[in-house]
Amino acid sequence: MLLPQIKQPSDLKSMSQDDLALLSAEIRQFLIEKLSVTGGHLAPNLGVVELTVALHYCYNSPADKMIFDVGHQAYVHKVLTGRMDRFDTLRQHNGLCGFVKRNESEHDVWEAGHSSTSLSAAMGMALARDLKGEDNQVIAMIGDGALTGGMAFEALNHIGHEQRKLMVILNDNEMSIAPNVGAMHKYLSKIRSDRHYLKAKDDVEGMLKKSQLLGIVWPNRQAGSKIVSNI
């Protein structure tokens with residue numbers, strides 16, 4: 001078992017790609033077992049297992065700021081940041097919060113349950129970093145449902161204007177608390193079904209998998225996570 005060995009994100013750094021894949025499978029089984037008792041957001045977290053593992057493998061939390069949108073997709077993040085032993089208390093009195101909670105861990109840098117706030121938070125953290133002369137990374141993960149919120153559009157406009165160094169990851173999984181609507185939803189649906197996009201995605205994925213330097217961990221196809229901006 002690999003999962004009990006993970007006490008903090010830095011423990012991932014020495015693991016091989018095969019071990020990371022096995023770890024992801026163990027995390028899925030762990031979430032299924034625990035949430036079958038306590039309740040909680042199962043599907044959203046099963047969809048971000050490899051994505052969260054890859055981010056903690058590649059970046060250095062809490063120096064690098066990881067912001068989840070929406071906050072109930074952070075269960076895997078909680079597991080990897082030293083809270084696995086407390087999962088029996090999830091959503092219980094005095095137990096683990098079902099969302100990101102700053103007083104729970106130094107790794108929880110933004111506190112919001114719902115939704116569309118991550119990009120504004122990331123922009124603020126990037127500005128604060130630059131004003132202080134620091135060089136950490138800021139990464140915002142946002143779902144296609146949250147991306148339809150007006151606050152997210154305002155933040156994208158601000159990010160494009162300021163041109164600060166931050167990363168936006170679109171978790172385009174076609175899942176939301178209610179059916180997604182609007183022009184952005186239609187646009188993303190058109191992109192993900194375009195044969196040219198699908199061929200390019202398969203070609204790039206195949207090339208990176210053969211590389212010795214890139215392609216650390218691959219999110220499963222159902223999650224559909226991809227980087228849409230690296231500013």
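Student: In this predicted model, how do helix α3 and helix α4 sit relative to each other?

Tutor: Helix α3 spans residues 49–58 and helix α4 residues 75–83; their axes come within 9 Å and cross at roughly 40 degrees.

Student: Why is α3 called oblique to α4?

Tutor: Let's set the angle against the cut-offs. Roughly parallel needs an angle under 35 degrees, and roughly perpendicular runs from 65 to 115. The crossing is at roughly 40 degrees, so α3 counts as oblique to α4. The hand of this crossing is right-handed.

Student: Which residues make the contact between α3 and α4?

Tutor: On the α3 side you will find V49, T52, V53 and H56, and they meet V76, H77, L80 and T81 of α4. Sorted by class, this contact has four nonpolar, four polar and no charged residues.

Student: Now for the other pair. What makes α1 and α3 oblique to each other?

Tutor: The same kind of reasoning helps. Helix α1, residues 17–38, packs with α3 at an angle of about 130 degrees, and their axes are 10 Å apart. Roughly perpendicular ends at 115 and roughly antiparallel needs over 145. An angle of about 130 degrees fits neither range, and α1 and α3 are therefore oblique.

Student: Is that crossing left-handed or right-handed?

Tutor: The crossing of α1 and α3 is right-handed.

Student: Which residues meet there, and how do they divide by class?

Tutor: From α1 come L20, S24, I27 and R28, meeting V49, E50, V53 and Y57 of α3. They divide into five nonpolar, one polar and two charged residues. Tyr counts as nonpolar, so Y57 of α3 belongs with the nonpolar residues.

Note on methods:
Residues numbered from 1 in each chain as written. Predicted model: local features only at pLDDT ≥ 70, side-chain atom pairs only at ≥ 80, totals over all residues. Heavy atoms only, no water. Axes fitted to C-alpha atoms, helices over the stretch in contact; angles between N-to-C directions. Helix = DSSP H or I, 4+ residues; strand = E, 2+ residues; numbered from the N terminus. Left-handed = near helix turned anticlockwise from the far one by under 90°. Contact = heavy atoms within 4.5 Å.
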